[in-house]
Amino acid sequence: MTFKNLKLIPSILRVLKEENYKNPTPIQAKSIPFILNGEDILGSAQTGTGKTAVFAIPIIQHLSNHQRNLNGKQKILSLVITPTRELAIQIGESFKIYGKYTNVNNTVIFGGVKQRSQTNILKRGVDILVATPGRLLDLIEQGYISLQDIKYFVLDEADRMLDMGFINDIKKILAKLPRNRQSLFFSA
Ligand code: AMP
């Protein structure tokens, strides 16, 4: 199995070549075709298996075909929830790398820091938002974020999220998502 067999767009294949990724990891080979096909998945994968690319690459590919509304504000089309600030930052970096030859952009929000620089970026508009649950709900309540246009939703490290007591936050977030969306859940 090669990345070409996965029918990835040239702008993504170019990055993978530059990053020296020779072949998809097992979870990538198995899951990427389903995700590109619009199906929901529940993946069992630890960090280190190439899990981030499993969701990041298809989401970038979906969004790179998306027509931008040039008049109105850019809407958030994809949301990734992850339990910690460190994971959120790592995922944001991965989206930046895999999407570097596309026009798809992302930002990362997490608690424990002032919100100002985060809200400034949100006001300008992003395609993909990577967030920890508490800060996400906080900024939704303050009106900086709307989830009503989300088409691709990722719940990363779901097991850890439950261990950390985020169940109620996750329920609140799920209730704000549109029904018609693709959901990708990952758990170790
Ligand atoms: P992750 O499990 O997403 O945290 O990824 C672990 C590491 O593997 C990261 O440094 C990725 O850049 C790298 N990686 C992901 N997919 C591949 C691949 N197909 N070939 C080589 N390295 C990869």
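Start with the rings: this structure holds 5 aromatic pairs. What you have open is a predicted model, so keep the confidence colouring handy as you go.

**Stop 1: Phe-55 and Phe-95**

Select Phe-55 and Phe-95 and show their side chains. The two rings make a tilted aromatic pair, with 6.2 Å centre to centre and 55° between the planes. Now colour the helices: Phe-55 sits in helix H3 (residues 51-64) and Phe-95 in helix H4 (residues 85-98), so this pair ties together parts that are 40 residues apart in sequence. Turn on a surface and look for the two side chains. Both Phe-55 and Phe-95 are buried.

**Stop 2: Phe-153 and Phe-185**

Next, pick Phe-153 and Phe-185. This aromatic pair is edge-to-face, at 6.1 Å centre to centre and 85° between the planes. Here the link runs between strands: Phe-153 belongs to strand E5 and Phe-185 to strand E6 (residues 182-187), so the pair ties together parts that are 32 residues apart in sequence. Are the two partners buried or exposed? Phe-153 is buried, at a relative accessible area of 1%, whereas Phe-185 is partly exposed, at 26%.

**Stop 3: an aromatic cluster, and on to the ligand**

Select Phe-3, Tyr-21 and Tyr-98 together, since these residues form one aromatic cluster. Keep Phe-3 and Tyr-21 highlighted, because you'll meet them again: both are among the residues around the ligand.

**Stop 4: the ligand shell**

Centre on the ligand and bring up its neighbours. Besides Phe-3 and Tyr-21, the shell includes Asn-23, Pro-24, Thr-25 and Gln-28. From further along the chain come Thr-47, Gly-48, Thr-49, Gly-50, Lys-51 and Thr-52. Colour the shell by residue class and you'll find 3 nonpolar, 8 polar and 1 charged.

Now hunt for the backbone contacts. Which ligand atom faces the backbone of Asn-23? A nitrogen atom of the ligand, which lies 2.9 Å from a backbone N or O atom of Asn-23. Move to Gly-48, where a polar backbone atom is 2.6 Å from an oxygen atom of the ligand. Then try Gly-50: a polar backbone atom there is 2.8 Å from a ligand oxygen. As for coverage, the ligand taken alone exposes 500 Å², and the protein buries 66% of that.

**Stop 5: Glu-157**

From the shell, follow Thr-47 and Lys-51 to Glu-157, which touches both of them. Leaving aside residues up to four places away in sequence, Glu-157 also touches Pro-83, Leu-87 and Phe-186. Trace the backbone and you'll see Glu-157 in the loop between strand E5 (152-155) and helix H7 (158-163). Is this loop residue buried or exposed? Glu-157 counts as buried, because its relative accessibility is 9% and the cut-off for buried is under 20%.

**Stop 6: two backbone oddities**

Finish with phi angles. Most residues other than glycine have a negative phi. Select Lys-7, a non-glycine residue with a positive phi of about 60°. Lys-7 lies in the segment before helix H1 (10-18) and is exposed, with a relative accessible area of 69%.

Then jump to Asn-20, in the loop between H1 and helix H2 (26-36). Asn-20 isn't a glycine either, yet its phi is positive, near 65°. Check the surface once more: at 54% relative accessibility, Asn-20 counts as exposed.

Definitions and conventions. Residues are numbered from 1 along each chain as its sequence is written. This is a predicted model: local features need pLDDT of at least 70, side-chain atom pairs count only at pLDDT 80 or more; totals for chains, interfaces and linings use all residues. Side-chain values use heavy atoms; hydrogens and water are left out. A residue is near a molecule or strand if one of its heavy atoms lies within 4 Å of it. A polar contact is a pair of N or O atoms within 3.5 Å; within protein, one must be able to donate a hydrogen and the other to accept it, and residues adjacent in sequence count only if both atoms are side-chain atoms. Accessible areas come from the Shrake-Rupley method with a 1.4 Å probe; for residues, only the protein chains shown count as cover. Ala, Val, Leu, Ile, Met, Phe, Trp, Tyr, Cys and Pro count as nonpolar, Asp, Glu, Lys and Arg as charged, and the others, Gly among them, as polar. Helices (H or I, at least four residues) and strands (E, at least two) are DSSP runs, numbered from the N terminus. Buried means under 20% relative accessible area, exposed over 50%, partly exposed in between (1.4 Å probe, protein chains only). Contact means heavy atoms within 4.5 Å. Rings of Phe, Tyr and Trp (its six-membered ring) pair if their centres lie within 6.5 Å; planes under 30 degrees apart count as stacked, over 60 as edge-to-face and the rest as tilted.
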